[in-house]
Amino acid sequence: MNSKLLFSSVLLCITQFTFLPNGYCDDATETAKPNDFRPPAVPLVACDPYFSIWSQADNLWGTKTTHWTGKPHRLAAIIRIDGTPYRLMGAEPQTIVAMEQKSVEVRPTQTIYQFACEQVAVELTFTTPSLPDDILILSRPTTYVDCKVTSIDQKQHDAEFYFDAGGELTTNTLEQTVSGSTPTISGVSALKIGTDSQHILGRSGDDLRIDWGYLYLAANSRFQPRTTFGNAKSLRHGFGQSGVKALNNVTQTFPVKAGEVVASLAMSLGSVTDQPVACHALIAYDDLYSIEFMKSRLRPYWRKDGWEADDLITAAVNEHDELIKRCVEFDRELLSDLTIAGGKEYADIASLAYRQCLAAGKFVADDNGQPLQFCKENHSNGCIATSDVFYPMMPQFLLFGPSMTKSVLVPFMEYAASDRWKFPYAPHDLGTYPKANGQRYGGGENSEDGQMPVEESGNLLALFGALAKMEGNADFAAIYWPQLSSWANYLKEKGFDPDNQLCTDDFAGHMAHNVNLSAKAIVGLGSYAMLCEMRGLHDESKEYDAIAKQYARQWIATARDGDHFVLAFDRKGTWSQKYNLVWDRILGLGLFPDEVLETEMAFYRKTQNEYGLPLDSRSDYTKLDWVMWTATLTQKREDFDALMMPVHKFLSATPQRTPMTDWYFTSTAVKVGFDARPVVGGVFLKLLYDSAIWNKHAQRDKTKAEGWAPMPVAPETITLVPTSEKTQTLYHYVTTEPIGEWYADDYSTSDWKQASGGLGTESPSTTKWATPEIWVRRIVEINTPVPKKVALRIWHDEDASVYINGQHVITLGGYTTGYEVYEIPSSSLKQGKNTVAIHVRQSTGGQFIDVGIDALVASN
């Protein structure tokens, strides 16, 4: 059956009746027709880029649940009614019949499934308490699973509930081994499971899952839950046969491969009548350390006051009722605001976007206990804190106040203000998630190749303008005034007619004379003029306001092409979405007359396809975030509906059952790429036009963040053993798995090949290596006493396991695009000759391996 959202009934409740936690109105005489919106994938657990679990089917029991990357992240739920088991979630075991799913409803913080058989109705609700007014709550990596059962045949029934989570939630691959335990937490029954390796922050890249930290499955002791580890098939079958008691006396030997074990719990709901009976479980993830910022490991924000995992679990269990109530109230109000602004279809889109946006980033605490938020460029390149990704994301953060907004801007601006960044324009990113150690995109910190100077500078100036409008002052901008002034000056010189460069839509390639990019520069200059005025710099304000208005007049004259405005100044007969113009009205800059916006909108409305407005005339693909921005340009409801409704239709029609993409073909509803990215937070932009709504939400900021710590200073490095980049090196290698302890110090390599490093398929390879795996050994010599702190300098593509003198020192997942530095135990090295042995596994794309050793010394 097709899942259906119950937004019509929800909206009826919003406008006329009391909104109840079960999704129904308190006036049973009122009914409404369900809304036919089918999410392409449904969020279940939505906490951060690693703790992110989705259902990619109409029915919750139709397929196995997955991580946003599509890899298995199994969750399962079974309800047992009078001894008969019914599957609610999970595709297995097929021997247990699935209960009919009646509906699924996605709200900003909750996903609610309704099921029914002849005897009972069952409601299964997933709540991630993503409450933006309180970042301490928002940052908790917790999701509640509530099960509510009601008799519908006027009879009493015995009900039992079962829930499990797969060991692979703690690993990157199913083959990695895990171990479990039963922690003692007052008032709570809990299970804990994690990898045996625990290489904290050892991997960076895009298509990765976490393999450090610990998953917790817990329930309040008052439910008298029974918990155990075991084989998924056996536990589920046993519960189906015997109920809660089946979880007794089940033993699991550890370590075990992650795909072969689940953590499970079961609870009795007792006798169920027409009055609902409920229980709930908690699933949580303690990642210990979340982000590496300039080589400094940062704790998750919820740990800022010294909390440990036990504190998190205890608070989450004890605060269940309060937080569920707060989530229901938050969802009700936000849905009402969205519906009034853009109708129920707009509320559908925004509800689906809300958790996805937040789940693509992580809140951590700096040295002063202040929040920093690092977003991940999911499914594009894995970059962290990418400015042209948080630019479209930011409307959702701006809406909810200064603490949310500044938490994103601070780490980026601290980097931009450091000696590390030497260019007169804004950076692109801070590294590759979860390592924010400096820009990796394009030429990084070393050259202007592949940079996006106009794009990123315009992004930051517009966002600082929006923050200042929200706060009513430019005090925060004053902290970074040298950088903002440099970027404004760059746009003054280079922004009106951009040279051949990339913009945020970098998949379309380089282009000169980009009209939409020019519009970004113009509104960026206008925003800077506004900031100057707010700071009392009246002469500078007049200067930049005049420049912005002059450029706007030139833009109109040069870009006009009859009934629309062109894609590039030198390309007549072309067109593009001018989504960057939105800031003109939101900030009240007065740069572009209404006639420009209305001309463009009229052209868009007659040009769009069945599933939306193409990005520009080069292709019929589009970007969902930009369509939703473009739809707001005239601030006429009929124009907004005309562009928004095809997006709504696309989400229901797309054949790819993945978390909401932002890049798809408008003629076929087929996804081009990009899943689960934070850019969908941009759909909230429409609410920023309404100052009353914006102020209402922004002023509820309870965090009131201020006084951030300076950016950590990465240690300096001194070369102990050079890489192949700096000297000729000699490696021994084989491409089939060697026999014995190949990594041992005294292992013979007489039958191994010899080659100069590095080894790979692309520059800077000296020796070609193109097989799926390679085992390499290098003898290196340290002629001085080993320093107290040492690090590998390694370029690995892809996964690498490194041994020194027979001791395993580090496992690195994913790949790097240059040499990275990873601290290792100094005890693994000795003065004299040392054996470095590495196993590298390759899956796709280019490949390369080379290694050296550095000493780490404190920076001056």
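In this predicted model, strand S34 and strand S39 (residues 832–841) run antiparallel to each other and are joined by 10 bridges. One of the places where the two strands can be matched up is glutamate 773, which stands opposite arginine 841 in S39. Strand S34, which spans residues 773–782, is mostly covered, since 7 of its 10 residues are buried. S34 also has a pairing with strand S30 (residues 730–734), again in the antiparallel sense, and here the number of bridges is 3. Within that pairing, tyrosine 733 is the residue found opposite valine 776 in S34. As a general background to such pairings, the strands of a sheet are held to one another through backbone hydrogen bonds, and they may run either parallel or antiparallel.

Another sheet can be followed from one side to the other. It is an open sheet of 3 strands, arranged in the order S26-S27-S28 and paired in the antiparallel sense. Strand S26 (621–623) and strand S28 (671–673) form its edges, each of them pairing on one side only. If the direction of the strands is ignored, neighbouring strands of this sheet are turned by 35° against each other on average. Between S26 and strand S27 (residues 663–665) there are 3 bridges, and lysine 623 has tryptophan 663 in S27 as its bridge partner.

From the backbone we can turn to the side chains, beginning with the cysteines. How many disulfides does a search of the whole structure find? The search finds 0 disulfides. Cysteine 147, for example, takes part in none, and the nearest cysteine sulfur, which belongs to cysteine 279, is 5.1 Å away. This cysteine 147 is buried, with a relative accessible area of 0%. Cysteine 375 is likewise without a bonded partner, because the closest cysteine sulfur, in cysteine 357, lies 8.3 Å from its own sulfur, which is too far for a bond; a disulfide would need the two sulfur atoms to be within 2.5 Å. Cysteine 375 is buried as well, its relative accessible area being 1%.

Charged side chains give a fuller list of contacts, for the count of salt bridges comes to 48. One of them joins arginine 107 and glutamate 105, with a distance of 2.7 Å from N to O. Arginine 107 counts as buried because its relative accessibility is 0%, and glutamate 105 is buried too, with a relative accessible area of 2%.

Other salt bridges connect parts that stand well apart along the chain. Lysine 435 and glutamate 292 meet in a salt bridge of 3.6 Å, N to O. Because lysine 435 lies in strand S25 (residues 435–436) and glutamate 292 in strand S19 (residues 291–293), this pair ties together parts that are 143 residues apart in sequence. Both of these residues, lysine 435 and glutamate 292, are buried. A further salt bridge is formed by arginine 700 and glutamate 333, whose closest N and O atoms are 2.7 Å apart. Arginine 700 is in the loop between helix H18 (691–698) and strand S29 (716–721), whereas glutamate 333 is in helix H5 (residues 320–359), so that this pair ties together parts 367 residues apart in sequence. Here arginine 700 is partly exposed at 36% relative accessibility, and glutamate 333 is partly exposed with a relative accessible area of 23%. Finally, salt bridges can also form a network, as they do in linking Asp133, Glu322, Arg326 and Lys702.

Note on methods. Residues are numbered from 1 along each chain as its sequence is written. This is a predicted model: local features need pLDDT of at least 70, side-chain atom pairs count only at pLDDT 80 or more; totals for chains, interfaces and linings use all residues. Side-chain values use heavy atoms; hydrogens and water are left out. Two strands pair if DSSP finds at least two bridges between them. Helices (H or I, at least four residues) and strands (E, at least two) are DSSP runs, numbered from the N terminus. Axes are lines fitted to C-alpha atoms, for helices over the stretch in contact, and angles run from 0 to 180 degrees between N-to-C directions. Buried means under 20% relative accessible area, exposed over 50%, partly exposed in between (1.4 Å probe, protein chains only). A salt bridge is a side-chain nitrogen of Lys or Arg within 4 Å of a carboxyl oxygen of Asp or Glu.
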